Amino acid sequence: MAGTSPHRRQWPLAFIIGGFLGLATFGSTVLLFLYYYNMLSRTSYQEFLRQQQLVLGQVSNRVTVPLATYDLPTVERVVAAAMAEDPKSRKAFGVLDPAGQTMAAMPSKGYIETKRKDAMAANALGSLYSYSDGPWLVLEIPIESKRWDSKGVEQVVPLGRMVGVFSNAEVLARLRRTAAESVLILLILSFITMALAYLVLGRFVVRPIQDLVRTAGVVAEGRLDLPIEAHGAEATVELSALAAAVRHMTSTMASFVRTVQPTAEQVATSSKALTDITQQSSGNIPQAVQVMSQISQSMGQVAQGTQAV
């Protein structure tokens, strides 16, 4: 049987299994993280959409009265103040008349008109969409005023439309932080799993195997009187059975040696005597026959001892 190639690199068993468990833990956790991140992204987007719809409704309520009296300077001040409250997410506000003409806007009428036109062309009005200059949420709601006639009947008077352009940069930044923290936790968990697997396997698998390998080497040298030790082998069924089999093999070999050794010594003595007789004289044939008979009996005893073992 060919031996192990000296050029092939060998790795500790605990390292291989520990590494595999670490990678398996990392892979399964990554899948869970991707599912969690996807759910978190959807939830964050829905919350972002609801929040900006609420903001646009509040701004619309604030411009309703000055718009009803056609107080455009006040409308512009309200729009500018709403922009200043959260400049990171609120990128533009615009007030349109019922005909769709821009009456007031921040930062400019052209910006609002362009974004509204692009959103309508992409059928993305009311949803987050990636435009040429980045992802934006363009919302539009009606501005209405409620009045009661002389008979007390409520009437809804359309005053125009409120347009808002919002950025989800803060939501993306929060998701990136969550992703970075999650990846760090994944790496730590994988390292801990690998380290624990290495320690456990080294204690309950690798060490008993190493003990049995050393025992096999000692037995190969002919030392059959030493106790067979396999620390930790009792913790697993397979290694415990292997240790028991090695002990039984060593005990059988020792019993065989004890049975055969006296007979083997007798065979060696008789063989030497036969050789001496043959060399001294060819006339001692009866004595030579007697010695050969003793050798034959000794070989039969060796055979019987082998079958007994």
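This passage describes the fold, the sheet, the cores and selected residues of a predicted model.

The protein chain contains six helices and five strands. Along the sequence, these elements follow the pattern α-α-β-β-α-β-β-β-α-α-α. The chain has 309 residues, and buried residues make up 31% of them. Of the contacts with a separation of 6 or more, 58% are between residues 24 or more positions apart. The exposed area of the protein chain is about 19,800 Å². Carbon and sulfur atoms supply 61% of that area.

Confidence varies along the chain. The mean pLDDT is 78, and 74% of the residues reach 70 or more. Among the elements, strand E1 has the highest mean pLDDT, at 93. Helix H6, residues 285–308, has the lowest, at 55.

The five strands form an open sheet. Their order is E2-E1-E5-E4-E3, and the pairing is antiparallel. Strands E2 and E3 lie at the edges, and each pairs on one side only. E3 spans residues 128–131. On average, neighbouring strands of this sheet are turned by 25° against each other, direction ignored.

Three strand pairs of the sheet were examined in turn. E1 and E2 run antiparallel and are joined by four bridges. Within this pair, Gly94 has Ala105 of E2 as its bridge partner. The two strands form a hairpin, with five residues between them. In the turn, Gly100 has a positive phi of about 95°. Strand E2 is largely enclosed by the rest of the structure, because four of its five residues are buried.

E1 also pairs with E5. Six bridges join these two strands, which run antiparallel. Here Leu96 is matched with Arg161 of E5 as its bridge partner. Helix H2 packs on the sheet, where H2 touches E1, E2 and E5. The direction of H2 makes about 160° with that of E1. Helix H3 packs on the sheet as well, touching E1, E2, E3, E4 and E5. The direction of H3 makes about 100° with that of E2.

E4 and E5 are joined by twelve bridges and run antiparallel. The bridge partner of Glu144 is Pro158, in E5. These two strands form a hairpin, again with five residues between them. Gly152 in the turn has a positive phi of about 80°. Val153 lies in the loop between E4 and E5. Val153 counts as partly exposed because its relative accessibility is 44%, which falls between the limits of 20% for buried and 50% for exposed. Leaving aside neighbours within four places in sequence, Val153 is in contact with Arg147 and Trp148.

The interior was then considered. The largest nonpolar core has 24 residues. Phe93, Met162 and Phe166 have the most contacts inside this core. Helices H1 (13–68), H2 (72–85) and H4 (169–220) are among the elements that give two or more residues to the core. Strands E1 (90–96), E2 (102–106), E4 (134–148) and E5 (154–166) also give two or more residues each. H1 provides the largest share, seven residues. Apart from this core lies another, of eleven residues. Ala92, Leu96, Ala124 and Val138 are among the residues of that other core.

Two further residues were examined individually. Arg116 is placed in helix H3, which covers residues 109–121. Arg116 counts as buried because its relative accessibility is 19%, and buried means under 20%. With neighbours within four places in sequence left aside, the contacts of Arg116 are Leu96, Glu140 and Val163. Leu96 is thus also the residue whose bridge partner in E5 is Arg161.

Asn168 lies in the loop between E5 and H4. At a relative accessible area of 7%, Asn168 is buried. Leaving aside neighbours within four places in sequence, Asn168 is in contact with Phe48, Leu128 and Pro135.

Notes
Residues are numbered from 1 along each chain as its sequence is written. This is a predicted model: local features need pLDDT of at least 70, side-chain atom pairs count only at pLDDT 80 or more; totals for chains, interfaces and linings use all residues. Side-chain values use heavy atoms; hydrogens and water are left out. A nonpolar core is a set of buried Ala, Val, Leu, Ile, Met, Phe, Trp, Tyr and Cys residues joined through side-chain atoms within 4.5 Å. Buried means under 20% relative accessible area, exposed over 50%, partly exposed in between (1.4 Å probe, protein chains only). Contact means heavy atoms within 4.5 Å. Two strands pair if DSSP finds at least two bridges between them. pLDDT is the predictor's confidence in each residue, from 0 to 100. Axes are lines fitted to C-alpha atoms, for helices over the stretch in contact, and angles run from 0 to 180 degrees between N-to-C directions. Accessible areas come from the Shrake-Rupley method with a 1.4 Å probe; for residues, only the protein chains shown count as cover.
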